[in-house]
Amino acid sequence: MGIFTFEDESTSTVAPARLYKALVKDADTIIPKAVEAIQSVETVEGNGGPGTIKKLTLIEGGETKYVLHKIEEIDEANLGYNYSIVGGVGLPDTVEKITFETKLVEGVNGGSIGKVTIKIETKGDAKPNEEEGKAAKVRGDAFFKAIENYLSAHPEYN
């Protein structure tokens, strides 16, 4: 098994606590409203805490697909949220799992800095693929910006 790890940061004009609430606590409701491709988020196993598996149903290329997302850790006090992609279209054939360790911190002018460490664990002797890492980053950045844009357009959301 190979492991490819990289870190990234994204900035937002939205305050950390508000962004965290949308991304973690109210994700099942907010994500389908904010991210055009995602049609629904449903819990398929668990109670919402660590170990919970969620199914994100999305439209990609005109087809309905899904991603299975497993919650690894929730650290509300430090605005941290760790999860893994464990199935569906978000998981290439050569990859066992992709883990995201995320944390929001205070940014400039009341905004946020989203910090993420992404770990891609490959199957067997497969080599980590840098292109898969880049693709995950692009999807993550677009997702983060979609949530930010939704919150900016809905100041009543608290």
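## A guided look at strands, pocket and core

Visitor: Is Glu96 buried, partly exposed or exposed?

Guide: This is a predicted model, and here Glu96 has a relative accessible area of 46%. Buried means under 20% and exposed means over 50%. Since 46% falls between those cut-offs, Glu96 is partly exposed.

Visitor: Which residues does Glu96 touch, not counting residues up to four places away in sequence?

Guide: Glu96 has its place in strand β6. Lys119 is 23 residues away from Glu96 in sequence, and their C-alpha atoms are 11 Å apart in space. With residues up to four places away in sequence set aside, Glu96 touches Leu91, Glu121, Thr122 and Lys123.

Visitor: Let's move to strand β5. Is Gly87 buried or exposed?

Guide: Gly87 lies in strand β5. Its relative accessibility is 10%, and the cut-off for a buried residue is under 20%. Gly87 therefore counts as buried.

Visitor: How far apart in space are Gly87 and His69, C-alpha to C-alpha?

Guide: Leaving aside neighbours within four places in sequence, Gly87 is in contact with Tyr66, Val67 and Leu68. His69 is 18 residues from Gly87 in sequence. From C-alpha to C-alpha, the two are 7.4 Å apart.

Visitor: How many bridges join β4 to β5?

Guide: Strand β5 covers residues 80–88 and runs antiparallel to β4. One facing pair is Glu73 with Asn82 in β5. The number of bridges joining β4 to β5 is eight.

Visitor: Which residue in the hairpin of β4 and β5 takes a positive phi near 55°?

Guide: That hairpin has four residues between its strands. The residue you are after sits in the loop between β4 and β5, and it is a residue other than glycine. It is Leu79.

Visitor: And in the hairpin of β3 and β4, which residue takes a positive phi near 60°?

Guide: Strand β3 (residues 53–60) and strand β4 (residues 63–75) pair in the antiparallel sense over eight bridges. Leu56 faces Val67 in β4, and Glu60 faces Glu63 in β4. Two residues lie between the strands of this hairpin, and the one with the positive phi is Gly61.

Visitor: What stands opposite Thr43 in β3?

Guide: Strand β2 (residues 38–45) runs antiparallel to β3, joined by six bridges. Across from Thr43, in β3, stands Lys54.

Visitor: Is Asn109 buried or exposed?

Guide: Asn109 is placed in the loop between β6 (95–106) and β7 (112–122). Its phi is near 50°, a positive value in a residue other than glycine. Because its relative accessible area is 81%, above the cut-off of 50%, Asn109 is exposed.

Visitor: How many of the ten residues of helix α1 are buried?

Guide: Helix α1 spans residues 16–25 and is mostly covered. Its buried residues are Pro16, Arg18, Leu19, Tyr20, Ala22, Leu23 and Val24. Of the ten residues, the number buried is seven.

Visitor: Which residues touch the most other members of the largest nonpolar core?

Guide: In soluble globular proteins, nonpolar side chains tend to be buried together. Here the largest nonpolar core has 36 residues. One of the residues you ask about, Ile98, has contacts that include Tyr83, Ile85, Leu91, Ile118 and Ile120. Those touching the most other members are Leu19, Ile98, Ile147 and Leu151.

Visitor: What about open space: which residues are closest to the centre of the largest pocket?

Guide: The largest pocket holds about 1,100 Å³ of space. Of the 45 residues that line it, the closest to its centre are Tyr83, Phe100, Arg139, Gly140 and Phe143.

Visitor: Which helix gives the largest share of the lining of the largest pocket?

Guide: By class, that lining has 29 nonpolar, six polar and ten charged residues. The largest share is nine residues. They come from a helix spanning residues 130–153, namely α3.

Technical notes: Residues are numbered from 1 along each chain as its sequence is written. This is a predicted model: local features need pLDDT of at least 70, side-chain atom pairs count only at pLDDT 80 or more; totals for chains, interfaces and linings use all residues. Side-chain values use heavy atoms; hydrogens and water are left out. On a 1 Å grid over the protein atoms alone, a cavity is a set of points where a 1.4 Å probe fits but cannot get out, and a pocket is an open set with protein on both sides within 12 Å along at least five of seven lines; lining residues have an atom within 4 Å of a point. Grid points are joined across faces, edges and corners, and a volume is the space filled by probe spheres set on the points. Ala, Val, Leu, Ile, Met, Phe, Trp, Tyr, Cys and Pro count as nonpolar, Asp, Glu, Lys and Arg as charged, and the others, Gly among them, as polar. Two strands pair if DSSP finds at least two bridges between them. A nonpolar core is a set of buried Ala, Val, Leu, Ile, Met, Phe, Trp, Tyr and Cys residues joined through side-chain atoms within 4.5 Å. Buried means under 20% relative accessible area, exposed over 50%, partly exposed in between (1.4 Å probe, protein chains only). Contact means heavy atoms within 4.5 Å.
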